[in-house]
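Colleague: I should like to discuss this structure with you, one question at a time. Please explain how each answer is reached.

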Amino acid sequence: MSDYEQRIKRLETQVEALFNINDDLKNKLKKEAKRRVELVEENRQLRIDLKKANQTIANLTTRLKKNSSNSGKPSSTDSIYTKTIHNFREKTNRKIGGQKGHKGHTIEMLKSPTKIIDKKVDICDCGGKIENHSKYTAKQLVDIKIEVEVIEERVYEGKCTKCGKYHIGKFSKNFKNPVQYGTNIKALTTLLVDEGYISLNRCADLIKSLTKGKIALSQGTIINFKKELAENSLPMIERIKENLIKSDILHVDETGIRVTGKLEWLHTTTNNKFTLYQVQSARKLDEKESMKILSYYVGILMHDHFKSYYGYTTMTHAECNVHILRYLKAVIESFDRNGAKNLLNFLVSKNEEKKIAMKYGFDKFSDKKLEEIEQEYEEILENWHNEFLENTKGKTLTDGLIEERNLFKRLLEYKEEHLLFLKNFKVPFDNNVAERSLRMIKTKLKVSGSFRGKDKGNYFAIVRSIIETAKKHKMNILDVLTKLFNKDIFEFSGV
């Protein structure tokens, strides 16, 4: 083989080796290209996951910032480590407690003492007799005495000595069984359970202790007391209903309760003089299954923007603005929006202006003043909307941002309902009348947890309607309950 051929052979070997190297490089390049595609896809997915995670973090952060002062959450959910201010009053440097000039409260002497003990000195140290003057100085010891009163009626039979007719005596209407409980113990027991909110078994133990074991009530007996009172109270419930229908302004609200382990709703319809409670299966007040009030009502209905109330078109609607202040506070704490700050200051300041005007005898603002108020309100909302758009441009809306957007849309759509308190001075700024009437149910549920039947919930609702109405008329609750157990007819004083 010539040198030329050997050289060609070596070159061919080299070329073949180069082709093999080239093939290896192509394979590696394909693998790297595939890996690159995989990395690009993985990076894209990680970006998506990161975006979702950031959104979740933002939602959870917004949720964690919510408490009873800036949302509709109950105060029972607030952390004990979080200081929460529940109102929008300006902080002062005054000390806690009664201020200078505050009218104090102390026990006063009663006009009709039940027992009088005359303390006279009759004999002097020298042995002489002392003539006491009619003038005296008195001090009183006020206490209570619990006694068990057992009244026994005895019915006799007899024969007329003149005509021979046989007669049998009759028991009074309260004496139906061989032994029964009187109205006083029934009223006291009901008061302890439905006003004092103590449990049935603790109430029975308390009564047994107070009577030194002479009266031992069962839980079933106490429930029967409540049932009897509820049935006797139905005519008074009708009176409450009639007065609520005639009211100029009604407040309504609702809260969830547990009945036999299921979610039910306690509804309240109330004003400054009367309160009616109803237990229903749905949050929406079903007038078909309830004591109809709203179906006949034509006044002003104050509520918390539960939209089912807008289904009643015979009335004028008003919205609670304290709820709005809470929501605005949440927006300010989460996003520091100037628009929310301006609207909060606007509502608070206009409410103060209204109070000052009422103090000086005015019952409304002038038409010009109301036009200026509406214009300022709309401008604040528009500026807030623009601020929102500027700060969320190109961003995915988190739950908090969606809530903020929905809030200023609601405030614009329901402008008339939120500003009605300025157009009609009789309309309050808030729905506190209804909210206060529902606070007691949370105490009740902490004690009992739930009602063991809808009938038990209805008994509670009826009895509480009577108690709340009596309190608003400054009537003695125990006297009212005693009268109802006796089936006495009475009027709510001050009606």
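Colleague: How many residues are in the hairpin that joins β4 to β5?

Modeller: The model under discussion is a predicted one. In it, β4 and β5 run antiparallel and are joined by 6 bridges. One of these pairings sets W265 against Q280 in β5. The hairpin joins the two strands through 4 residues.

Colleague: How many residues of strand β5 are buried?

Modeller: Strand β5 covers residues 275-280. From this strand T275, Y277 and V279 point one way, while L276, Q278 and Q280 point the other way, and all are buried. The strand is therefore largely enclosed by the rest of the structure, and the number of its buried residues is 6 of 6.

Colleague: Which residue in the turn between β3 and β4 has a positive phi?

Modeller: β3 spans 249-259 and β4 spans 262-270. They pair in the antiparallel sense over 9 bridges, and D253 has T268 as its bridge partner in β4. The two strands form a hairpin with 2 residues between them. The residue in that turn with a positive phi, about 50°, is T260.

Colleague: Which strand is joined to β3 by 3 bridges and runs parallel to it?

Modeller: β3 is mostly covered, with 9 of its 11 residues buried. The bridge partner of its residue I249 is I300. The parallel strand, residues 300-303, is β6.

Colleague: What is the phi of Y197, which is not a glycine?

Modeller: Most residues other than glycine have a negative phi. Y197 lies in the loop between α2 (183-194) and α3 (200-210). Its relative accessible area is 11%, so Y197 is buried, the limit being under 20%. Its phi is positive, at about 60°.

Colleague: Is F225 buried or exposed?

Modeller: F225 belongs to helix α4, residues 219-245. Leaving aside neighbours within four places in sequence, F225 is in contact with Y181, K186, T189, T190, L217 and F485. Because its relative accessibility is 5%, F225 counts as buried.

Colleague: How far apart in space are F225 and K454?

Modeller: In sequence, F225 and K454 are 229 residues apart. K454 is not among the contacts listed for F225, which include Y181 and F485. From C-alpha to C-alpha, the separation of F225 and K454 is 16 Å.

Colleague: What is the separation between the C-alpha atoms of K442 and G256?

Modeller: K442 is in helix α10, residues 432-448, and counts as partly exposed at 37% relative accessibility. Leaving aside neighbours within four places in sequence, K442 is in contact with T255 and G256. Although K442 and G256 are 186 residues apart along the chain, their C-alpha atoms are separated by 9.5 Å.

Colleague: Which residues does L370 touch, not counting those up to four places away in sequence?

Modeller: L370 is found in helix α7, residues 367-391. With a relative accessible area of 15%, L370 is buried. The C-alpha atoms of L370 and I21 are separated by 88 Å, and the two residues are 349 apart along the chain. The residues that L370 touches are F365, L422 and K423.

Colleague: What radius of gyration does the protein have?

Modeller: The C-alpha trace spans about 170 × 70 × 65 Å along its principal axes. A compact globule of 495 residues would have a radius of gyration near 23 Å. The protein, by contrast, has a radius of gyration of 38 Å.

Colleague: What share of the residues in the protein is buried?

Modeller: The protein has 12 helices and 7 strands. It exposes about 33,900 Å², of which carbon and sulfur atoms supply 52%. Of its 495 residues, the buried share is 35%.

Colleague: Among contacts between residues at least 6 apart in sequence, what percentage join residues at least 24 apart?

Modeller: The pair K442 and G256, in contact and 186 residues apart along the chain, offers an example of such a contact. Over the protein, the percentage joining residues at least 24 apart is 61%.

Colleague: How far apart do the centres of the positive and negative side chains lie?

Modeller: The protein has 91 positive side chains and 68 negative ones. The centres of these two sets are separated by 5 Å.

Conventions: Residues are numbered from 1 along each chain as its sequence is written. This is a predicted model: local features need pLDDT of at least 70, side-chain atom pairs count only at pLDDT 80 or more; totals for chains, interfaces and linings use all residues. Side-chain values use heavy atoms; hydrogens and water are left out. Buried means under 20% relative accessible area, exposed over 50%, partly exposed in between (1.4 Å probe, protein chains only). The radius of gyration is taken over C-alpha atoms; the globule rule is 2.2 Å times the number of residues to the power 0.38. Contact means heavy atoms within 4.5 Å. Accessible areas come from the Shrake-Rupley method with a 1.4 Å probe; for residues, only the protein chains shown count as cover. Lys and Arg count as positive and Asp and Glu as negative; His and the chain ends are not counted. The place of a charge is taken as NZ of Lys, CZ of Arg, CG of Asp or CD of Glu. Two strands pair if DSSP finds at least two bridges between them.
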